[in-house]
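Ready for some practice at reading a fold? Work through the exercises below with the structure open, and try each task before you look at its solution.

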Amino acid sequence: MSRSEKGKGNSRSGGNAKPTSGGHASRHKHAESKHGPNRGGKNFPVKLAMWDFDQCDPKRCSGKKLERLGLIKSLRVGQKFQGIVVSPNGKGVVCPNDLQTVEENGAAVVECSWARLDEIPFNKIGGKHERLLPYLVAANQVNYGRPWRLNCVEALAACFAIVGRLDLATELLSHFSWGLGFLELNKELLETYQKCTDSESVKAAENAWLEKIEREAQERKKRSEDDDIWMTGNVNRGNAGEKSDTEDNNSDSEENPTDSEALHSSKPVTYDSLGNAIYGEEEEEEDEDEESDSDDAQDQFLNPSDKISNPELISDVRGRLNELSIE
Ligand SMILES: C[S@@+](CC[C@H](N)C(=O)[O-])C[C@H]1O[C@@H](n2cnc3c(N)ncnc32)[C@H](O)[C@@H]1O
């Protein structure tokens with residue numbers, strides 16, 4: 001029986017989705033001509049594998065790119081993997097104690113769409129060492145800045161970095177123009193996780209980080225509300241914004257608008273990493289970034305805590321926690 005026939009048989013007994021079992025001939029031809037023979041994932045120091053359910057845009061799919069490069073091997077439904085399986089179906093999180101398993105048996109991912117996880121027959125794939133990833137922020141062009149939603153190459157690299165093999169993480173990500181930005185964006189967090197031991201200690205570090213960024217967001221919100229009340233001045237005086245001849249009110253001039261004016265203006269307010277409010281001009285820059293190539297857009301948030309200190313993102317984080325059944 002050929003490999004693809006075996007895959008078909010197994011996927012029938014599993015869920016609805018069928019993995020592509022290594023892709024069709026033309027893709028292999030492409031891999032051979034451009035990057036040398038695809039040796040089924042043998043071009044990397046440790047084993048890399050994926051179950052590919054062919055649900056993503058092939059042009060943007062990091063798993064397919066790794067396959068074209070001959071770095072990763074495709075597994076079929078029904079086939080289990082002995083190394084660390086980084087999966088939304090994981091129970092514990094990847095931890096430094098996983099180092100030996102990674103070095104001896106490698107790491108695998110599930111190449112599928114985040115929107116179609118319910119189609120994946122998780123009971124027919126995976127292995128003994130299925131793991132979630134702790135809180136990390138995506139740097140890829142599709143989900144840039146989103147916590148937990150890493151793509152396949154980021155997920156594999158995160159696993160390597162957490163177990164202390166930053167060399168493998170760097171090597172893998174260097175095949176992607178935005179790749180090393182992932183390590184930069186998550187530097188502090190990855191260093192924190194690397195200092196842990198087991199799954200529980202990584203989880204504790206993750207919770208401490210989440211509490212910290214949530215506390216910071218609350219503090220910024222409170223500071224902005226306090227400033228607002230303070231700068232509004234004595235409402236009993238009526239003409240709070242009117243110029244007077246006293247020195248105290250000199251800053252209320254057109255040339256030097258107060259924070260209150262800025263806060264009440266229609267211009268949007270953003271915050272820098274120190275919690276300082278920035279009014280107006282920043283928005284234009286962000287718009288430019290949005291329109292520009294997403295590689296440039298990465299420069300916006302180099303500190304993960306900056307990105308998450310935003311009420312919308314906090315609720316996004318909570319949403320992801322629920323989606324991934326993380327307490
Ligand atoms: C849902 S797929 C999306 C792949 C994407 N289309 C790409 O181009 O790579 C990403 C895979 O990476 C792994 N992954 C990413 N983030 C994860 C997390 N927070 N916990 C566990 N696994 C994760 C899982 O194997 C997951 O199925």
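**Exercise 1: Trp-148 and Asp-54**

In which loop does Trp-148 lie? Then find out what its backbone and its surroundings look like, and set Asp-54 beside it.

*Solution.* Keep in mind that this is a predicted model.

- Step 1: Trp-148 is in the loop that runs between strand E6 (129-132) and H5.
- Step 2: Check the backbone. Trp-148 isn't a glycine, yet its phi is positive, at about 70°. Most residues other than glycine have a negative phi.
- Step 3: Check the burial. Buried means under 20% relative accessible area, so Trp-148, at 6%, counts as buried.
- Step 4: Turn to Asp-54, which you'll find in the loop between E1 and H3. Its phi is positive too, near 55°.
- Step 5: Asp-54 has a relative accessible area of 40%, so this residue is partly exposed.

**Exercise 2: the whole chain**

Get an overview: count the helices and strands, then look at burial and contacts.

*Solution.*

- Step 1: The chain has 14 helices and eight strands.
- Step 2: It's 327 residues long, and 43% of them count as buried.
- Step 3: Take the contacts with a separation of 6 or more. Residues 24 or more positions apart make up 71% of these.

**Exercise 3: the largest nonpolar core**

Find the residues with the most contacts inside the largest nonpolar core, and work out which elements feed it.

*Solution.*

- Step 1: This core holds 54 residues, and the ones with the most contacts inside it are Leu-48, Tyr-135, Leu-136, Leu-156, Phe-160 and Leu-172.
- Step 2: Several elements supply at least two residues each, including the strands E1, E3 (84-86) and E5 (107-111) and the helices H5, H6 and H7. Helix H8 (187-194) and helix H9 (199-232) do so as well.
- Step 3: Who gives the most? That's H5, with 10 residues.

**Exercise 4: the inward sides of two helices**

List the buried residues of H6 and of H8, and decide how they're arranged around each axis.

*Solution.*

- Step 1: In helix H6 (residues 166-173), Leu-168, Ala-169, Leu-172 and Leu-173 are buried.
- Step 2: Look down the axis of H6: its buried residues fall within an arc of 125°, so they line one face of the helix.
- Step 3: Now see what they pack against: strand E1 (48-52) and the helices H3 (62-68), H5 (152-162) and H7 (179-185).
- Step 4: Move on to H8, where Leu-189, Leu-190 and Tyr-193 are buried.
- Step 5: These three cover an arc of only 95° around the axis, so they're on the same side of H8.

**Exercise 5: rings and charges**

Classify the pair formed by Phe-176 and Trp-178, then look for charged side chains over rings.

*Solution.*

- Step 1: The structure has three aromatic pairs.
- Step 2: For Phe-176 and Trp-178, the ring centres are 5.4 Å apart and the planes are at 50°, so this pair is tilted.
- Step 3: Both Phe-176 and Trp-178 are buried.
- Step 4: Over the face of Phe-176 lies Lys-65, 4.7 Å from the ring centre.
- Step 5: For another case, go to Trp-209: the charged end of Lys-212 sits over its ring, 4.4 Å from the centre.

**Exercise 6: an annotated span**

Locate the domain that UniProt places on this chain, and describe the span.

*Solution.*

- Step 1: The unreviewed UniProt entry puts "domain: RNase L inhibitor RLI-like possible metal-binding" at residues 46-80.
- Step 2: In the model, the span is 20% helix and 23% strand, and its end C-alpha atoms lie 17 Å apart.

Methods:
Residues are numbered from 1 along each chain as its sequence is written. This is a predicted model: local features need pLDDT of at least 70, side-chain atom pairs count only at pLDDT 80 or more; totals for chains, interfaces and linings use all residues. Side-chain values use heavy atoms; hydrogens and water are left out. Buried means under 20% relative accessible area, exposed over 50%, partly exposed in between (1.4 Å probe, protein chains only). Helices (H or I, at least four residues) and strands (E, at least two) are DSSP runs, numbered from the N terminus. The arc is that of the directions from the helix axis to the C-beta atoms. Contact means heavy atoms within 4.5 Å. Rings of Phe, Tyr and Trp (its six-membered ring) pair if their centres lie within 6.5 Å; planes under 30 degrees apart count as stacked, over 60 as edge-to-face and the rest as tilted. A charge sits over a ring if NZ of Lys or CZ of Arg is within 6 Å of the ring centre and within 35 degrees of the ring normal. UniProt positions are given in the numbering used here, feature names are shortened, and annotations may be inferred rather than shown by experiment. A nonpolar core is a set of buried Ala, Val, Leu, Ile, Met, Phe, Trp, Tyr and Cys residues joined through side-chain atoms within 4.5 Å.
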